[in-house]
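Reader: Please choose a single part of this model and take me through it closely. I would like one connected account, with each term explained as it comes up.

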Amino acid sequence: LARLALPLLAAVAAAATASVGGAGPLGDVGQPMRGATVEDASMRLTLGAGRSSMVAAPLAQADAAEIQASQELAESRRMQKERVLQRGTNMVVVCVFVATTLLLSVMYCIQKRTDGANEQRRKGMEESMSTDKFLLKILQNFSSKAVEDYIFHGIRPVKQKVSIEFQDLSTSIRNRKGLCGKTEEKHILMGVSGKFEAGHVAAIMGTSGAGKTTFLNVLCGKIGAMGDWDVSGRVFINGTEMHLTDLKNIMGFVPQDDVVFEIMTVRENIAYSAALRNPAGTSRKRLSRITDDVIQVLQLETQQNKRVGNRTTGGGLSGGQRKRVNVGLELAACPTLLFLDEPTSGLDSTGSLMLVKQLSKMAELGMTIIMVIHQPRYSLFTHVDDVLLLGRGGRTLYTGPSTGAKGYFQELGFTMPPNENPADWMMDVMSGQSECRNAKFAEVSREELPERLAKEWQEYGSKLDNAGRIPSQMTNRPTHLRHEEEEMFKAHLKDAWKLVDRPTTKALEKEEFALVLENCSNIAPDERVLQQLIERIDTAARIALAGDDHVDGHVRYKEFEQYLLAVQRGGVPFAVMESRTARMEDFDSDSDAKSTDDEDDDTDSIRTSESSFAVDTPSGMRRALTPSHVRSQLSRTLPSFGAQFVLILKRRSVQWTRRMTFRFMNFVVVEFAAAFLGIMDRYIFENSAWLPNGFMQAQISIALLVSVYSLNTFGSADELPVFWRESSHGLNRLAFFLARSLLDLLDMFLFCFGFSMLYYIVTAPDLNFGIYVIPFILVCWVSSGWGYFISCWLPFEFRTLGPFVSTLVCFVFGGIFGMPNEMSTYLSTPILEVMVGVLAFTRWGVPMEFYQYIQETDVGAAYMSTFERFLYNAALEDYRLGWHLPGDEDYFYTGLSALLLIGLVLRILAF
């Protein structure tokens with residue numbers, strides 16, 4: 001309109017000047033007037049009056065040229081500014097694109113490297129298993145006894161075994177009827193006493209509602225005298241009264257539900273559990289061996305690189321395999337004490353028997369295993385050393401060796417029917433469903449029988465020792481060969497060796513040693529088996545088992561004999577034969593077991609003694625000097641904060657790369673929201689790009705999306721139980737929090753740049769994108785903090801309310817408290833100003849965007865509508881009513897500091 005009106009006004013002015021004979025547009029001094037154009041100068045050539053044509057023409061031409069040059073300069077400056085703006089925007093966009101591409105490429109490479117490493121470990125494990133099978137073949141040929149099925153390479157015998165004695169454990173819970181009703185106390189356990197021997201497999205059995213799981217939770221310290229629970233009684237560890245919570249870093253607990261990372265493979269689940277919970281300083285090589293041992297003993301070799309998966313959605317492992325992975329997470333920690341809550345539930349009889357056999361194998365290494373089982377088959381029951389039978393009301397009906405339970409009930413007069421499973425029969429007896437020929441039980445009803453059996457067990461105490469056990473039925477688990485068995489083994493081995501080296505003094509080379517192996521097993525060894533076996537013997541010989549003159553690649557008779565004996569005694573050769581270098585890395589290894597050159601040594605390499613910290617008391621019970629001394633002997637030092645942080649970050653990176661589909665769908669939602677909001681603002685409502693309301697709406701939208709997405713970081717229903725499980729055994733919570741939130745920043749930046757970039761392209765504001773995106777990043781920082789805070793403070797059973805609470809927070813704190821046209825009301829009252837400043841992220845994000853926009857761009861205030869001018873002046877003046885840093889009138893550094901601080905405080909509160 002101005003360009004059309006100026007020539008017309010110039011023509012009118014020239015005509016008026018000509019009629020009065022006054023000065024033309026050049027004025028009296030010959031200078032061009034403000035607002036004159038090229039058309040004015042050309043008009044002066046024809047309409048000029050009061051001047052001679054010889055003077056007016058050159059001046060008019062000069063005026064026209066100068067005005068044209070001025071316009072060209074202004075246009076050039078405008079175009080230059082647009083080029084600078086576009087160049088800066090392009091640079092930011094290119095940097096973001098390159099950074100995103102680089103990040104995704106790095107994550108992809110990490111994933112491929114992880115998959116490749118897992119495949120290499122699988123192949124290495126297959127080679128190791130082939131070598132183990134060959135060794136077992138030799139042992140079977142030379143031994144008259146059954147040979148162990150496994151050879152452990154990483155899991156070692158425990159240094160200090162743990163026995164648990166409990167006396168008069170009682171538990172009750174208070175239940176309130178309604179909000180104002182009376183409180184009733186329900187007794188769950190009543191005076192349970194007994195003892196679980198070190199290195200034994202103990203089972204807790206009983207009828208439904210007998211308090212089996214409650215007893216297990218009380219014993220391991222998960223339920224204490226707090227809240228509505230009342231717990232009384234005493235617990236002794238190796239004769240010293242103390243709480244098991246003091247030994248949580250050497251204790252394992254397998255919950256009834258399968259608490260595993262479903263998106264990770266079997267090997268990854270077990271490997272990260274081993275790395276996080278084994279002693280600090282454990283070498284990577286030994287951790288890998290521990291992982292292989294657990295996979296082998298649980299018979300998961302073929303599924304080791306398969307993701308656990310979800311049975312609901314299909315795919316992944318079967319129920320029995322998931323149960324074994326659940327157990328494997330605890331076995332990988334090499335605990336001294338292991339609790340299991342119904343590990344056989346959901347398994348068939350064959351799967352249950354196999355699992356208990358595997359646990360029995362671990363108990364031979366000195367691990368004390370206590371589990372709750374329900375209706376076991378008899379063959380499974382025979383693999384249990386100790387048993388605690390609980391009746392109705394949580395009363396003890398029997399505790400002691402599993403082999404004595406049947407005889408005890410028969411002594412009371414109960415008769416087991418022919419072909420009956422003894423375990424099922426004892427369950428019938430405890431529930432009052434079995435007939436008794438004893439006269440003193442004749443008048444006892446079935447409902448009263450469990451209580452009467454509890455009294456009978458109390459009266460039976462005079463026949464028991466201090467531990468509440470039957471001395472005549474105490475059993476010891478055999479763990480090694482007898483002396484004569486070893487002598488026979490050595491004789492067979494020497495005969496096979498003499499066929500190649502009669503003096504048995506020569507160091508055999510590879511080809512000669514292969515002949516010895518063939519003589520021992522009647523099978524020619526494979527090249528890989530031969531090479532790996534020589535490497536193992538080399539490793540063992542470096543501890544000078546046969547002298548200091550060992551040469552790698554050559555095998556002497558004494559070296560081979562000692563290695564095979566170590567395998568035969570306990571199946572843990574690398575616990576006995578370990579290089580000096582590895583012993584420096586694993587400071588906990590040198591006292592596990594020691595080999596000897598004495599052929600007559602009959603010491604059990606698995607058995608360890610408690611005498612290092614126990615003394616005999618006058619009562620005959622062995623008690624430790626002090627609880628602190630026991631803790632120092634049993635506890636272990638877990639990896640440091642930095643080591644756990646790196647491990648959790650690596651594990652989270654693996655999970656991050658495998659959630660790309662979920663992340664892509666969320667990114668599509670974010671981009672749709674940005675496009676929809678931008679189109680509505682620019683084309684439907686035709687709002688100006690500088691309007692504060694537009695900035696507020698955009699910031700609320702991205703804040704809502706990011707906060708809802710951040711709920712999964714610490715509130716995922718699949719991963720939260722794993723965190724509870726790990727934190728109960730010494731996981732550093734700060735390392736966990738920082739590692740997960742750090743990697744979550746990648747998603748936050750990805751969504752933030754994706755949203756702001758698309759919204760920027762659609763609305764086309766005259767502002768550099770690098771400056772434009774900064775408030776959006778800070779708003780995402782705060783909104784993700786709100787997501788962490790809500791997910792950490794909202795009770796687990798109400799986690800489905802998380803998205804609703806996040807939506808409420810964003811619209812109330814971002815919308816109502818951040819409305820630009822109401823900011824004068826909030827900032828004029830001190831209390832409201834503080835509340836809005838603390839809670840409303842748009843209180844700081846919107847003025848940052850608005851002031852930067854009006855400083856960098858001419859918004860054309862002279863051509864605004866009345867409503868836009870009102871909003872412009874209101875925003876310009878109202879925001880400056882509030883507090884800001886000195887000299888920071890545009891709120892940039894004030895908003896930057898405020899939003900960074902709010903996001904940090906929310907994270908601290910979430911932690």
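Author: Angles between axes under 35 degrees count as roughly parallel, over 145 as roughly antiparallel, 65 to 115 as roughly perpendicular and the rest as oblique. The model is predicted, so local features need pLDDT of at least 70 and side-chain atom pairs pLDDT 80 or more, whereas totals for chains, interfaces and linings use all residues. Numbering starts from 1 along each chain as its sequence is written, and side-chain values rest on heavy atoms, without hydrogens and water.

The part chosen is the pairing of helix α7, residues 319-331, with helix α8, residues 349-363, whose axes lie 12 Å apart at an angle of about 10°; α7 and α8 are therefore roughly parallel to each other. On the α7 side, Lys-323, Arg-324, Val-327 and Leu-331 make contact (heavy atoms within 4.5 Å) with Met-354, Leu-355, Gln-358, Leu-359 and Met-362 of α8. Sorted by class, this contact of α7 with α8 has six nonpolar residues, one polar and two charged.

Arg-324, which belongs to helix α7, is buried (under 20% relative accessible area, with a 1.4 Å probe and protein chains only) and yet has no salt bridge, a term for a side-chain nitrogen of Lys or Arg within 4 Å of a carboxyl oxygen of Asp or Glu. The nearest side chain of opposite charge to Arg-324 is that of Glu-301, 6.9 Å away. Setting aside neighbours within four places in sequence, Arg-324 touches Met-354, Leu-355 and Gln-358, and also Leu-298, Gln-299 and Leu-300.

As for the setting, the chain has 32 helices and twelve strands, and 51% of its 911 residues are buried.

Key
Axes fitted to C-alpha atoms, helices over the stretch in contact; angles between N-to-C directions. Helix = DSSP H or I, 4+ residues; strand = E, 2+ residues; numbered from the N terminus. Nonpolar A, V, L, I, M, F, W, Y, C, P; charged D, E, K, R; others polar. Buried < 20%, exposed > 50% of the residue type's maximum accessible area, 1.4 Å probe, protein only. Lys, Arg positive; Asp, Glu negative; His and termini not counted.
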